[in-house]
Amino acid sequence: MRQAGRFLPEYRELRAKHSMLEAIRTPELATEITLQPLRRFDLDAGIIFADILTPLIGMGINIDFVQGEGPKIFNPIKSSADIQKLRLPPPEENVGYTLAAIKMVSGELTPKGIPLIGFSGAPFTLSCYLLEEESPSTAPDVKRFMLQERAAWETLQQKLARLVADYLVAQAESGASALQLFDSWVGALAPAEFEVFVAPHLRAILQQVKSRTEAPVVYFGTGTNGLLPLIADLGYDVVGIDWRISLADAARLLPTDIPVQGNLDPLLLANASPAYLEGRVRDVLRERTAFKHHVFNLGHGIVPHTPPDNVTRVLEIVHSER
Ligand code: CP3
C-alpha cells in the first residue's frame, strides 16, 4: 500500500516535477513509479500506481491531492440529489490511463514471473471521502447519512459497487493478476451495521468480479478485529489483517483455511531498532503457522519516514524462511 510513496528518494524526485494527478494520469509515469520499488527491493509482487479516489473523478467528483494534507474533495455529497447526479462512465473512458499503465507494467513484469496487483477502494471507504467533513476514519457524517437517508445510502452504495466491480474487472482484463479491495475505514462500524449497510454490496462486487474474471480478490480493512468473522463470511479469496491483533488470535476468529495477509505495524517498520524489528518479523512468521496460507505484508500503508534499509532487511528475513 502506497509502497511507492514518499519514503523512496527516486519517487520524491519524480513527484517534485509532476503533481500526483499528473503522475497517475500519465501511463509512462505511473509505470515508472510502479516499477521503482521492484527495482530496489526483492518484492514478490507490484501494485499499480493509482489512488482509490481517481475513479470518482469520472463520476463528477472534483478531487486533488494537496501537498502535506492528503486528498481533498471540492464538491462533497450533501444530498440524495447529488447522488442521483453521479455518473457511471465505463472504466475505459473514466480510468483508461490506469488501464494503459497496467498493460505497460504487466508487459514488464509478466516475463519475470512477478504478479501485478490491481486495486480499488470499497464502497464504504469511498463514501467516507465523498460524505465526510470531519474524519474519514471514524466517519460521523457517513453514519448520520447512512442512518437517516436510508434509500439514498443504498443508491450510493449500488452505484459505487457497480463502479468498483467494473473497474476491478477492467484491471484484470488489462493484465492485473490479483485484485485488492481497500476498505481502510470500515473498522468505524459495529458488526450489526457492517452486516446491514455494507456487506450486501461487498457480496455483490465479489459476485460480479467472480463471474467475469479468475483473478483472486483480497479484502483489506483496518480496525476490523470485531468484524473478522463477518468478513470471512463474505467469501473473498484473501483477508487482510491489521497489526492490532496477533495472527494467532486472528486464527480464533477466522476459519484457518482462509488465506490471510499481514500484519506488521508500519510504524515498527519505520521506527524499531534492527534487532527489535527482526524479533517482531519472526513473531509474525511464527504466528502465521496458525493459518494454512499467509502473505507477508504490513498491516497498513508504509509511512513516509521509513528507512528503505529496514524494508530490505525485513524482506531478507521473510525470504530466508520461504
Ligand atoms: O504504493 C503505491 O503507490 C500504490 C498506489 C496507492 C496509492 N494510494 C498512491 C498514493 C494505493 C494502493 C493507494 C490506496 C489508498 N489511497 C487508500 C487505501 C489504502 C490505505 O492506505 O488505507 C486510501 C485510503 C487512499 C487515499 C489517500 N491517498 C490518502 C489518505 C493519501 C494521503 C496519504 C498521506 O499519508 O498523506 C493519498 C495520497 C497518496 N496515494 C500517495 C500515494 C503514493 C502519497 C502522495 C504523495 O504525496 O506523493
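Biologist: Which residue in β7 is the bridge partner of Val218?

Modeller: That would be Val238. Keep in mind that this is a predicted model.

Biologist: Okay! How many bridges join β6 to β7, and which way do the strands run?

Modeller: There are 2 bridges between β6, residues 217-221, and β7, residues 238-240. The two strands run parallel.

Biologist: And what is the order of the strands in the open sheet?

Modeller: The sheet has 7 strands, in the order β1-β4-β5-β6-β7-β8-β9, and the pairing is parallel.

Biologist: Which strands stand at the edges, and why is one side of each left without a neighbour?

Modeller: The edge strands are β1 (46-47) and β9 (294-298). Each has a single partner strand, so one side has no neighbour in the sheet.

Biologist: Nice. Let's switch to Thr31. Where does it lie?

Modeller: Thr31 is part of helix α3, which covers residues 27-40.

Biologist: Is Thr31 buried or exposed?

Modeller: Thr31 is buried, because its relative accessible area is 8%, and the cut-off for buried is under 20%.

Biologist: What does Thr31 touch, leaving out residues up to four places away in sequence?

Modeller: Thr31 touches Ala101, Met104 and Val105. There is also a link inside the helix range: a polar atom of the Thr31 side chain lies 2.7 Å from the backbone oxygen of Pro27.

Biologist: Now for the empty spaces. How many cavities of 30 Å³ or more does the structure hold?

Modeller: The structure holds 1 of them. The volume of the largest cavity is about 70 Å³.

Biologist: Which elements give two or more residues to its lining?

Modeller: Those are α5 (91-94) and α9 (150-174). The largest share, 4 residues, comes from α9. The lining residues include Pro55, Leu88, Asn94, Arg162 and Tyr167.

Biologist: How do the lining residues of the largest cavity divide by class?

Modeller: They divide into 7 nonpolar, 1 polar and 2 charged.

Biologist: What about the second largest pocket: how much space lies in it?

Modeller: About 960 Å³. Its lining has 37 residues, and those nearest the centre are Leu43, Asp44, Val295, Phe296 and Asn297.

Biologist: Which elements give two or more residues to that pocket's lining?

Modeller: They are β1, β5 (178-183), β9 and α15 (308-320). You met β1 and β9 earlier, as the strands at the edges of the sheet.

Biologist: And how many residues of each class are in that lining?

Modeller: The lining of the second largest pocket has 22 nonpolar, 10 polar and 5 charged residues.

Key:
Residues are numbered from 1 along each chain as its sequence is written. This is a predicted model: local features need pLDDT of at least 70, side-chain atom pairs count only at pLDDT 80 or more; totals for chains, interfaces and linings use all residues. Side-chain values use heavy atoms; hydrogens and water are left out. Two strands pair if DSSP finds at least two bridges between them. Buried means under 20% relative accessible area, exposed over 50%, partly exposed in between (1.4 Å probe, protein chains only). A polar contact is a pair of N or O atoms within 3.5 Å; within protein, one must be able to donate a hydrogen and the other to accept it, and residues adjacent in sequence count only if both atoms are side-chain atoms. Contact means heavy atoms within 4.5 Å. On a 1 Å grid over the protein atoms alone, a cavity is a set of points where a 1.4 Å probe fits but cannot get out, and a pocket is an open set with protein on both sides within 12 Å along at least five of seven lines; lining residues have an atom within 4 Å of a point. Grid points are joined across faces, edges and corners, and a volume is the space filled by probe spheres set on the points. Ala, Val, Leu, Ile, Met, Phe, Trp, Tyr, Cys and Pro count as nonpolar, Asp, Glu, Lys and Arg as charged, and the others, Gly among them, as polar.
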